[in-house]
Amino acid sequence: MSQISMVVNGKRVSGTVEDRTLLVSFIRENQGLTGTHVGCDTSQCGACVVHVDGKAVKSCTMLAVQANGSEVTTLEGVASGGELHPVQAAFREHHGLQCGFCTPGMIMSAIDMINRHGAGNLDEATIRHELEGNICRCTGYQNIVKAIKAASDQMAGMAQAAE
Amino acid sequence: MGVDGIGARVLRKEDKRFITGKGRYTDDMTAQGMGYAAFVRSPHAHARVKSIDSSAALDMPGVDAVLTGEQLVGDGIGNLICGWMIHSKDGSPMNMGAWRALEPEIVRHVGQAVAVVIADTQAQARDAADAVVVDYEELDAVVDPVAAMEAGAPQLHPEAPNNLIYDWEIGDETATNAAFDNAAHVTRMEIYNNRLVPNPMEPRAALAIYDSAEEHHTLYTTSQNPHVARLVLSAFYAIAPEHKLRVIAPDVGGGFGSKIYIYPEEMVCLWASKKVDRPVKWVSDRTEAFLTDAHGRDHRSVAEMALDANNNITGLRVKTVANLGAYMSLFSSSVPTYLYATLLSGQYNIPAIHANVKAVYTNTVPVDAYRGAGRPEATYLVERMMETAAREVGMSPADFRRKNFITQFPHQTPVIMCYDAGDYSATLDAAMNAIDYSGFAARKAEAASRGKLRGIGMSCYIEACGIAPSAAVGSLGAGVGLWESAEVRVNPVGTIEVLTGSHSHGQGHETTFAQLITERFGIGNDQVSIVHGDTDKVQFGMGTYGSRSGAVGMSAIVKALDKVEAKAKKIAAHLMEASEGDITIEGGELKVAGTDKKLTFTEVALAAYTAHNLPAGMEPGLKEGAFYDPTNFTFPAGTYICEVEVDPETGKTEIINFVAADDFGKVINPMIVEGQVHGGLTQGIGQALLENAAYDETGQLLTASYMDYCMPRADDLPAEFKLSTHETLCPGNPLGMKGCGEAGAIGSPPAVINAITDAIGSNALSMPATPEKVWQLCRAGMQQAAE
């Protein structure tokens, strides 16, 4: 058993976990943040994507002890002050979700994608390529791709307006 | 129409919880003192269970119990059932073998559960399950359904000699044979419809809670139809009487058919929670899902089509072997019979059809309905045959189809169905325009200049939804009626709760169902809640599958709304001293036509509940329920056209263009309908290009994870599906709806394969059209050309 401590969605948390405990289990079971999902056992589906120190990580592929001392953001932590993150809003606006199970990972991957490429720099083909690690069975991806593109472009506009 | 009424692109009410991580799926539920279940599963496809030694497992930390099939049977828990009786052509009932939730004697597929461990944590339960020692005597296995029927094949069930479940037929064999005797041309094909795994992203899960004081069970589970689950668990599996069993299907992460059925694991959790007197949770991992969720398709067919000298179709003769796996799942028997062969007429005038279907046991995972269920198999067969026949007789595929289209309605086919309405030329024209069909030759030439092979293929599908008139399905062997129920509760403040027996697991019912209320009463959809998925809240319902929530579920709501409207108008007329016939409802107000007298909906609702001044003899309250039994199946239909480019050097197929022109009848929310089509098309394209459940000859599933089973990814698909809808109203239900949930998966596979075979000039292609298969055919073609 190991004692671990990390910041999850801005809040310092700690706990005692088995060494084999996955980060996703720590998030879901110890922290009760069930917005992060487990859809496969092989790191293919991406329903479990969270951000660890600002980078998208499949939380089913990382041990909780490896995240000791890190800052973790889950889907529950991306809206600020009651305002949806632009990616969250775009998923609703463009009907980018149906059953909602893959959605947490899709949104977290999309935010990471926009962060890495820079807002406004994503085209349709790049988004599709970047979604290699996120599986959706409901939507056929078309509206997910649209939502990510729209959010990316909107965030570029917001950045420009802020300048 | 109100802004959020019928036909409006209303954004989804349910989205907020899903995009903020507040969805509540079964695995998100917990209960005080909860233990976890892990199943001990057979590594063999066919074996005798000689002994189970739990002693080491019981000594492990946190382990509460190890329960076996012997105990389950000893407690009187019933066998799993198939709820649709099919009779063979000789009149004998289908041969159903016994299926126990934990198998004490003979396991018949890899992954079948023989015991369950209950422990304090999931990890402890899984560790202990690994430590249960089962001594198996391996038996020969058979995975090929044709081989399974041969003499000397391993026998799965004593009840089913030669592994034959039924040998069923439909249509007029004599008339069909006569058509072939007189045919000017016969097209013949062997067609395989590949085995698929439904793969909703949320794996199955269950949380069973037993209250020993009340002798009451609660089951949270991933179900498309919680009331059917409760009925079956009570009436057949003897878990508990219905009033002592509450089934809740909360947010459910996709189903596609695979969450219709009541599986061994959910049953065992219920039984075990009583046995160990603590709540028991089980969550499937993905490999368990591959090994236990009902698979789909797996048909081997030989099809023949007879044409006269004018290229009119005169007959269709089909022989199909359907692999049902190791056990008969809940609706498995109906899929290759009444959901399949009744659609073999397609959109065409075919005077004589005969189909023979043999359903067979094999040592594979049970097969049942998966998105489309029988109709994709029928459509693939008919549309591959249509394309091939057109090529053989030298007609354009469009002209050949158009020449044989049904144009008069109602149309009685030779295989039970009576099509009520449609306009097949309209959807064919729309799809051809959308893809610029006439410009294809130029695009093909341009692609050739780059060394690429372009092809175009179409599929004119029809399907049967709105399943279905209860008396009709009863006469065909269904064990249940397939109506739907609804209750509309108007609260004293005028807000409305609609209780429905339909279940939403991605379809957006909370939004579309509310649109009906907005349309009817002109009140905002934020004033409406849709309640579903809980047997304690909704009295009964048949659930969601077969694209029935619109045509059947919403029809029940409409019936209940009719009653609410009538009563509200009576109250308003009484209060305003007007004639009932003069009351109109718009914008949330009840008005007396031609006057300025009006009452808000809230005022009328409040009057109904204060009951201070109601018409003489009227009961207080404003709440009405309705059951709706469909009058016919509904018949969505349309044309899909796919344009592909094949790289002959690699065999890789790229879908350049895909257009869909659908007739779904009345569309309530176009945004949601488009989403359903996108998803359906993608599953169909997945079947055509990527997905295949592959077994080795010993019965090991080779594709039991996402590393081996190729799920469609975002970059496997074209940049945009071009969709359009063309409405002919269904005359059989009040809204004129036909259903849209499955069309994409039904219509798309033959369009893709017809396009690839057009591109490469070889018809010998089976699904999935992997680069390897396509490359081999390209090579063979080039060699032939060189010779």
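**Entry 1: a hairpin in chain B**

I note the term first: two strands pair if DSSP finds at least two bridges between them. I also note that the model I am reading is predicted.

I looked up strand β22 of chain B, residues 583–586, and strand β23 of chain B, residues 589–592. I found that they run antiparallel and that four bridges join them. Which residue of β23(B) is the bridge partner of E586(B)? I recorded E589(B) as that partner. I then turned to the hairpin that β22(B) and β23(B) form, and I counted two residues between the strands. One entry there concerns G587(B), which takes a positive phi near 55°.

**Entry 2: two packed helices in chain B**

I began with a general point: two packed helices are described by the angle between their axes and the distance between the axes. I looked up helix α10 of chain B (residues 375–393) and helix α11 of chain B (residues 397–404). I noted an angle of about 110° and axes 9 Å apart. Because angles of 65 to 115 degrees count as roughly perpendicular, I entered α10(B) as roughly perpendicular to α11(B). I entered their crossing as right-handed.

Which residues make the contact? From α10(B) I listed M386(B), E387(B), A389(B) and A390(B). From α11(B) I listed P397(B), F400(B) and R401(B). I sorted the residues of this contact into five nonpolar and two charged, with no polar ones.

**Entry 3: the domains of chain B**

I looked up how chain B is divided, and I found three domains. Domain 1 covers 31–139, 201–254 and 259–292. Domain 2 covers 299–467 and 632–786, and domain 3 covers 483–628.

I then compared domain 1 and domain 2 of chain B, whose C-alpha centres lie 36 Å apart. How many residues of each are in contact? I recorded 23 residues of domain 1 in contact with 25 residues of domain 2. On the side of domain 1 that touches domain 2, I entered 14 nonpolar, seven polar and two charged residues.

**Entry 4: chain B against chain A**

Last, I looked up the contact between the chains, which takes 42 residues from chain B and 45 residues from chain A. On the side of chain B, I found that α1 (15–19), α9 (286–292) and α18 (670–689) each supply at least two residues. Which helix gives the most to this side? I entered α18(B), with six residues. I divided the residues of the side of chain B that touches chain A into 17 nonpolar, 14 polar and eleven charged.

Terms used:
Residues numbered from 1 in each chain as written. Chains lettered and ligands numbered in written order. Predicted model: local features only at pLDDT ≥ 70, side-chain atom pairs only at ≥ 80, totals over all residues. Axes fitted to C-alpha atoms, helices over the stretch in contact; angles between N-to-C directions. Parallel < 35°, antiparallel > 145°, perpendicular 65-115°, else oblique. Left-handed = near helix turned anticlockwise from the far one by under 90°. Contact = placed C-beta atoms within 7 Å. Nonpolar A, V, L, I, M, F, W, Y, C, P; charged D, E, K, R; others polar. Domains from an automatic or database assignment.
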